[in-house]
Amino acid sequence: MGQYNADELHAPNWLSDQFLIEVIRKSQNDPSLTLCHGCKLRPGTTAGDHYASVIFRTTIHYRSARYHNEQAISLIMKLTAQNEGFKKGLLEGNSLFQTETEMYTKVLPAMSKALAEIGEPIDVPKLIYASSTPHTIIILEDVSPKGWIPGRKPITSFEEVVPTINNVAKFHAASYFLNQSTMDLSKHCIEMFTKEDGGAFGVFYKVFDDFCNALQSWQECDKFSDKFKNLKGTSIKRIQQIYSANPKGVGYNVLNHADLNWKNLLHKKAMNGRVKDSMLIDYQCCHWGSPAIDVISLVDLVMDHGTKNHYRKQIVYEYHKHFVYILEKLGFLGNVPTLADLYTEMLRKGFLEVFHVAVFEQLKHIDLTETTIDELNNGHLENPASSKESYLTVVRAELPKLLHKGFLD
């Protein structure tokens with residue numbers, strides 16, 4: 001298996017030097033810009049790091065009539081997937097790219113402005129260019145030269161997860177404030193989460209049903225198999241309920257990142273190698289709904305199981321405390337959700353915890369490759385983590401908790 005995704009080894013012909021210099025000319029409003037030499041495209045991520053887009057990187061060296069010294073800018077380019085199957089289905093109609101484009105052109109700038117005015121800036125990659133015709137592409141500033149590195153593994157300590165806790169709380173608070181002041185964010189709804197047939201998200205429902213079938217053959221898990229047999233085939237309706245926005249008078253809603261996991265984070269590290277700052281990336285699934293969507297993901301999919309076990313309550317508490325703090329600094333005058341309100345949301349949306357254990361926990365315990373992702377999601381591969389004792393240990397630990405919370409009924 002190669003180091004990179006196959007579709008990132010060959011860029012489309014239209015992604016040329018001429019196209020890129022025109023992008024930079026437009027971005028900087030400087031028609032005099034000229035390339036110093038050709039742009040070398042390279043894969044944007046390692047194999048298995050993404051499956052909803054094709055990513056390339058490059059560094060453009062250029063000169064301008066406005067100044068004499070050579071300039072350079074590093075770019076990251078996101079294109080629609082070129083292969084068939086899951087990726088193509090997920091991006092059908094370019095809906096995720098449309099969402100991410102609107103996030104970078106409208107929503108994130110509004111959030112950044114509001115937060116900067118209260119001294120609470122949020123780190124977001126700078127948008128350079130976005131278009132859906134004649135080619136669908138989003139071009140962002142590549143922040144890796146500034147010391148940001150991708151999250152390769154789940155976070156393993158409370159101290160290192162604090163920046164992500166604060167960023168999620170800040171993102172939610174800004175959306176809550178803007179929606180009740182200057183912007184209608186309730187229209188942000190990712191259809192695949194709420195389609196009756198599961199849409200492109202349906203590949204994960206197949207993984208869930210396979211998990212339900214497999215439990216009876218796993219030592220110490222067989223006693224839960226009857227509960228999961230009853231859940232089999234119900235996951236679509238349950239996920240629809242989770243991702244449907246709360247109606248007026250029931251709970252509250254925020255704009256969720258909705259794809260929150262360790263792979264959608266960038267980190268800066270201290271000299272001792274520990275995370276000192278974090279940044280959310282990949283805003284293509286942003287979805288208006290219960291804050292439980294992101295908070296449960298924050299607990300389940302950002303950190304390792306040991307950190308989750310030891311600090312779950314503290315993480316939820318710190319998230320809510322920072323959420324309230326940001327709302328107060330923004331001058332929010334409406335009703336501020338309480339910690340009890342948040343826990344009510346997490347209980348009402350609790351099946352998401354079951355889904356995470358059954359579908360996404362396994363991805364923490366295997367070496368992801370493009371083939372692994374595609375075969376797993378298309379039902380052509382048995383659970384690749386089922387032979388991993390680390391994975392089975394987590395499943396055995398989580399199933400009783402899910403049972404006792406009533407989430408398996």
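Before the first stop, one convention: helix axes are lines fitted to C-alpha atoms over the stretch in contact, and angles run from 0 to 180 degrees between N-to-C directions. Keep in mind too that this is a predicted model.

**Stop 1: a helix pair**

Select residues 351-360, which make up helix α11, together with residues 389-404, helix α13. Their axes come within 10 Å and cross at roughly 160°. Angles over 145 degrees count as roughly antiparallel, and α11 and α13 are therefore roughly antiparallel to each other. Turn the view so one helix lies over the other, and you're looking at a left-handed crossing of α11 and α13.

Now show side chains. Which residues of α11 meet α13? On the α11 side, pick E353, V354, V357 and A358; on the α13 side, Y391, E398 and L402. Colour the contact of α11 with α13 by class and you get 5 nonpolar residues, 2 charged ones and no polar ones.

**Stop 2: over to K206**

Stay around there and put a label on V359. The C-alpha of K206 is 9.2 Å from that of V359, though 153 residues separate K206 and V359 in sequence. K206 itself belongs to helix α5, so select 202-214 if you want that whole helix on screen. Is K206 buried or exposed? Neither one outright: K206 is partly exposed, at a relative accessible area of 36%.

**Stop 3: a sheet with two edges**

Next, bring up the open sheet of 3 strands, ordered β7-β9-β10 with antiparallel pairing. Colour β7 (149-150) and β10 (275-280) to mark the edges. Each has a single partner strand, so one side of each is left without a neighbour in the sheet.

Helix α4, residues 158-179, packs on this sheet and touches β9 and β10. Look along β10 and compare directions: that of α4 makes about 30° with that of β10.

Then zoom in on β7 and β9, the latter being residues 265-269; these two pair in the antiparallel sense over 2 bridges. To find your place there, click I149, which stands opposite H267 in β9.

**Stop 4: a hairpin**

Last selection: residues 127-131 for strand β5 and 137-141 for strand β6. What joins β5 to β6? A hairpin does, through 5 residues. The strands β5 and β6 run antiparallel, with 4 bridges between them. Backbone hydrogen bonds are what pair the strands of a sheet, whether parallel or antiparallel. For a landmark, click Y129, whose bridge partner in β6 is I139.

Definitions and conventions: Residues numbered from 1 in each chain as written. Predicted model: local features only at pLDDT ≥ 70, side-chain atom pairs only at ≥ 80, totals over all residues. Heavy atoms only, no water. Parallel < 35°, antiparallel > 145°, perpendicular 65-115°, else oblique. Left-handed = near helix turned anticlockwise from the far one by under 90°. Contact = heavy atoms within 4.5 Å. Nonpolar A, V, L, I, M, F, W, Y, C, P; charged D, E, K, R; others polar. Pairing = 2+ DSSP bridges. Buried < 20%, exposed > 50% of the residue type's maximum accessible area, 1.4 Å probe, protein only.
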